[in-house]
Amino acid sequence: MFLYLSKLLPLFFYPLGLACISLVVALITLWKRPRTAAIAIALSLFLLLFCSNAWISHLLVRSLEWQNTATTQIPNAEAIVVLGGATKSAFWPRPGADLNEQGDRVIYGAQLYRQQKAPIIILSGGRIDWRGSGTSESADMANILTSLGIPATAIVQEPESLNTYQNAVNVKKILQSRNIKRVLLVTSAMHMPRSLKIFQRQGIDAIPAPTDFLVSEGEMQELGNSPKSAILNLLPDTSNLNNFTSALKEYVGLFIYGLRGWL
């Protein structure tokens with residue numbers, strides 16, 4: 001139930017959900033309380049404009065993504081841990097499991113293995129039944145890695161976890177069974193601050209290896225490198241709204257996980 005509510009309830013407080021609620025309030029109060037309706041409409045408009053412009057979106061995303069950027073070469077470890085959330089199930093018309101926006105996690109895990117940063121890759125991720133079915137995310141990632149030439153003997157699957165906390169708890173059991181002390185933790189840069197805290201809370205010596213950066217130094221510079229660019233980046237854009245919401249989800253996750261003592 002916690003998992004379901006943790007996915008459902010925050011939707012009403014993210015920009016799009018809150019704007020929709022405000023518009024519903026405006027629709028209900030439009031005739032009898034036009035002032036309330038006008039305030040609700042103004043709030044909806046402000047939320048959508050504020051949260052979907054590149055300036056605000058990039059700054060919020062950067063505040064998470066740039067926390068664990070590598071200042072030196074990534075060291076060697078005993079295992080590479082790749083967190084789920086990077087695949088789409090192999091249902092028709094897909095010829096097989098697809099990588100989604102977070103799919104860089106899988107590719108980066110393969111690159112680190114080929115660089116001989118660690119001898120095994122631990123893939124952690126189950127499949128939430130009410131958000132699609134099919135094989136576990138760990139199995140999907142394993143199939144993609146073997147298709148890229150990573151030997152199956154170098155892959156360890158953890159197919160039960162349904163959130164980041166369970167990722168850490170279940171991976172810890174694998175590490176203890178194999179007497180592994182130090183791992184490279186691979187996940188999206190935006191997800192890394194929360195993931196790293198959770199793994200460290202479990203006593204795991206995890207070295208951050210973030211990937212899937214949505215905001216780079218070049219993109220930050222492009223925001224205001226000319227008056228035209230500065231104005232265009234103030235205009236609403238759905239990708240900016242999505243990135244803002246994703247970053248906000250991470251901050252909400254940090255807050256909730258902190259309350260539960262998982263960080």
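**Helix packing and two loop residues in a predicted model**

Helices α2 and α3 are roughly antiparallel to each other, and that is therefore where I would like to start. Before going on I should say that this is a predicted model, and that what I describe today was computed from its atoms. The reason for calling the pair antiparallel is an angle: the axes of α2, residues 15–29, and α3, residues 34–51, cross at roughly 160°, and angles over 145 degrees count as roughly antiparallel. Those axes come within 8 Å, and the crossing of the two helices is left-handed. If you follow the contact along the pair, α2 contributes P15, L16, L18, A19, S22, L23, V25, A26 and T29, while α3 contributes P34, T36, A37, A40, I41, L43, S44, L47, L48 and C51. Sorted by class, the residues in that contact are 15 nonpolar and four polar, with no charged residue among them.

Let me step back to the whole chain for a moment. The protein has 11 helices and seven strands, and its C-alpha trace spans about 65 × 45 × 40 Å along the principal axes. Of the 263 residues, 44% are buried. Taking the contacts with a separation of 6 or more, 71% are between residues 24 or more positions apart.

A second helix pair is α4, residues 54–65, with α11, residues 238–259, and here the axes lie 9 Å apart at an angle of about 35°. The crossing of α4 with α11 is again a left-handed one. On the α4 side the contact is made by A54, I56, S57, H58, L60, V61, S63 and L64, and on the α11 side by N240, N243, F244, A247, L248, E250, Y251 and L254. This contact divides into 10 nonpolar residues, five polar and one charged.

Helix α11 also packs with α8, their axes coming within 9 Å and crossing at roughly 20°, and that angle makes α8 roughly parallel to α11. The residues that meet are R194, K197 and I198 from α8, and E250, G253, L254 and Y257 from α11; by class they are three nonpolar, one polar and three charged. E250 and L254 of α11 are thus listed in the contact with α4 as well as in the contact with α8.

How much of α8 is buried, and what covers it? Seven of its 10 residues are buried, so α8 is largely enclosed by the rest of the structure. The buried ones are M192, P193, R194, S195, L196, I198 and F199, and the elements covering them include α4, β1, α7, β6, β7 and α11. After the helix comes G203, which has a positive phi near 80°.

Helix α6, residues 137–147, can be described in a similar way: eight of its 11 residues are buried, so the rest of the structure largely encloses it. Those residues are E137, S138, A139, D140, M141, A142, I144 and L145, and they pack against β1, β2, β3, α5, β4 and β5. Just after α6, G149 takes a positive phi, in this case of about 100°.

I will finish with two residues in loops, one on either side of β6. T187 sits in the loop between β6, residues 182–186, and α8, residues 192–201. Is T187 buried or exposed? Its relative accessible area is 0%, and T187 is therefore buried. The side chain of T187 is joined to that of H191 by a polar contact of 2.8 Å, and, setting aside neighbours within four places in sequence, T187 is in contact with L83, R105, M192, S195, A209, P210 and T211. Two of these, M192 and S195, are among the buried residues of α8.

K181 lies in the loop between α7, residues 164–177, and β6. With a relative accessible area of 56%, K181 is exposed. Its side chain makes a polar contact of 3.4 Å with the side chain of N179, and, not counting residues up to four places away in sequence, K181 touches E78 and D205. K181 and I204, finally, are 23 residues apart in sequence, while their C-alpha atoms are 7.1 Å apart in space.

Key
Residues numbered from 1 in each chain as written. Predicted model: local features only at pLDDT ≥ 70, side-chain atom pairs only at ≥ 80, totals over all residues. Heavy atoms only, no water. Axes fitted to C-alpha atoms, helices over the stretch in contact; angles between N-to-C directions. Helix = DSSP H or I, 4+ residues; strand = E, 2+ residues; numbered from the N terminus. Parallel < 35°, antiparallel > 145°, perpendicular 65-115°, else oblique. Left-handed = near helix turned anticlockwise from the far one by under 90°. Contact = heavy atoms within 4.5 Å. Nonpolar A, V, L, I, M, F, W, Y, C, P; charged D, E, K, R; others polar. Buried < 20%, exposed > 50% of the residue type's maximum accessible area, 1.4 Å probe, protein only. Polar contact = N/O pair within 3.5 Å; in protein donor to acceptor, adjacent residues only side chain to side chain.
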